[in-house]
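Work through these exercises with the model open beside you. Try each task before you read its solution.

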Amino acid sequence: MSEVSIYLPGILFAYGAFLLGIASPGPNVLAVIGTSMSVGRLPAMALALGIATGSLCWASATVFGLSALRSTYAMALTAIKIGGGLYLIYLAFKSFRSALSSHDIEARELSGGRCTTWGYWVRGLTIQLTNPKAALTWIAIISLGITNDTPGCVALVIVAGTSFLSIVIHLLYAIAFSTQTMVKLYSKSRRSIQAALGTFFAFAGIRLLVSQN
């Protein structure tokens, strides 16, 4: 436990990046919101759990991949951090642009017709696993919490924590957005959320780029 506590700032920073990423109305969030509004809470919750399962898969694959690279190539993590930092700065740019836009969120029911609860879980899993941006996002998030000398248990803590947060937050979206009141409140705060997201991602991106480890 004491070994993990040394790396707690990086772990919390990774958690923060993940939370703000979910706060942004991306394709996954919009799919859950649209399903909740159009079909109901239960299908949306199944979809949310499928997305969370996909997040766990991406996070685990990223950790194992980075661990393998670190054990083989000493400079691999540095190169990955540079790529992750640039990607975070790109996300910051997109967030600021969205904050300046008057275009509101568009949550729609998924195409393909309605299906069983199990079917919505499979759809959620498929949406997440087939999203190419998810790999870049997870590389950036995991890189925020680890360095060249970080023990494997720290990476596992990041995976476990972000997986738990993914389940809770996506389920909250599924429950909350079954009401029009929450949709209106979210729309009103969209610009502030995007501005905060852009600020954090810009800071996180610069932090990765100037990191020496």
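Helices here are DSSP runs of H or I, at least four residues long, and they are numbered from the N terminus. Keep in mind that this is a predicted model.

**Exercise 1. Place Y87 and describe its surroundings.**

Task: In which helix is Y87 found, and is Y87 buried or exposed?

Solution.
- Step 1: Find the helix. Y87 belongs to α5.
- Step 2: Check the accessible area. The relative value for Y87 is 12%. Buried means under 20%, so Y87 is buried.
- Step 3: List contacts, leaving out residues up to four places away in sequence. Y87 touches K133, L136 and T137.
- Step 4: Compare sequence with space. Y87 and G205 lie 118 residues apart in sequence, yet their C-alpha atoms are 7.3 Å apart.

**Exercise 2. Take apart a nonpolar patch.**

Task: Which residues make the nonpolar surface patch of about 510 Å²?

Solution.
- Step 1: Name the members. They are I82, L86, I89, I206, L209 and V210.
- Step 2: Find the elements that give two or more residues to the patch. These are α5 (76–100) and α9 (180–210).
- Step 3: Look at L86, in helix α5. Its relative accessible area is 52%. Exposed means over 50%, so L86 is exposed.
- Step 4: Look at I89, also in helix α5. I89 has a relative accessible area of 34%, so it is partly exposed.
- Step 5: Take one pair across the sequence. L86 and L209 are 123 residues apart along the chain, and 7.6 Å separates their C-alpha atoms.

**Exercise 3. Follow A196.**

Task: Where is A196, and how far apart in space are A196 and F96, C-alpha to C-alpha?

Solution.
- Step 1: Locate the residue. A196 sits in helix α9.
- Step 2: Classify it. Its relative accessibility is 40%, so A196 counts as partly exposed.
- Step 3: Read the distance. A196 and F96 are 8.6 Å apart, C-alpha to C-alpha, with their positions 100 residues apart in sequence.

**Exercise 4. Test the length of α6.**

Task: What should the 13 residues of α6 span at 1.5 Å a residue?

Solution.
- Step 1: Set up the rule. The expected span is 1.5 Å times one less than the number of residues.
- Step 2: Apply the rule. Helix α6 should span 18 Å.
- Step 3: Check the model. The end C-alpha atoms of α6 are 19 Å apart, which agrees.
- Step 4: Pick out the buried residues. In α6 they are G119, Y120, R123, G124, L125 and Q128.
- Step 5: Check the confidence. Helix α6 (residues 117–129) has the highest mean pLDDT among the elements, 87, while helix α1 (residues 2–6) has the lowest, 66.

**Exercise 5. Sum up the chain.**

Task: How many helices and strands does the protein chain have?

Solution.
- Step 1: Count the elements. There are nine helices and zero strands.
- Step 2: Find the buried share. Of the 213 residues, 44% are buried.
- Step 3: Look at contacts with a separation of 6 or more. Residues 24 or more positions apart account for 86% of them.
- Step 4: Turn to the surface. The chain exposes about 10,500 Å², and carbon and sulfur atoms supply 70% of that area.
- Step 5: Judge the overall confidence. The mean pLDDT is 78, and 81% of residues reach 70 or more.

Methods. Residues are numbered from 1 along each chain as its sequence is written. This is a predicted model: local features need pLDDT of at least 70, side-chain atom pairs count only at pLDDT 80 or more; totals for chains, interfaces and linings use all residues. Side-chain values use heavy atoms; hydrogens and water are left out. Patches are made of residues with over 30% relative accessible area and no salt bridge: like charges are joined within 9 Å, nonpolar side chains (Val, Leu, Ile, Met, Phe, Trp, Tyr) within 5 Å. Accessible areas come from the Shrake-Rupley method with a 1.4 Å probe; for residues, only the protein chains shown count as cover. A salt bridge is a side-chain nitrogen of Lys or Arg within 4 Å of a carboxyl oxygen of Asp or Glu. Buried means under 20% relative accessible area, exposed over 50%, partly exposed in between (1.4 Å probe, protein chains only). pLDDT is the predictor's confidence in each residue, from 0 to 100. Contact means heavy atoms within 4.5 Å.
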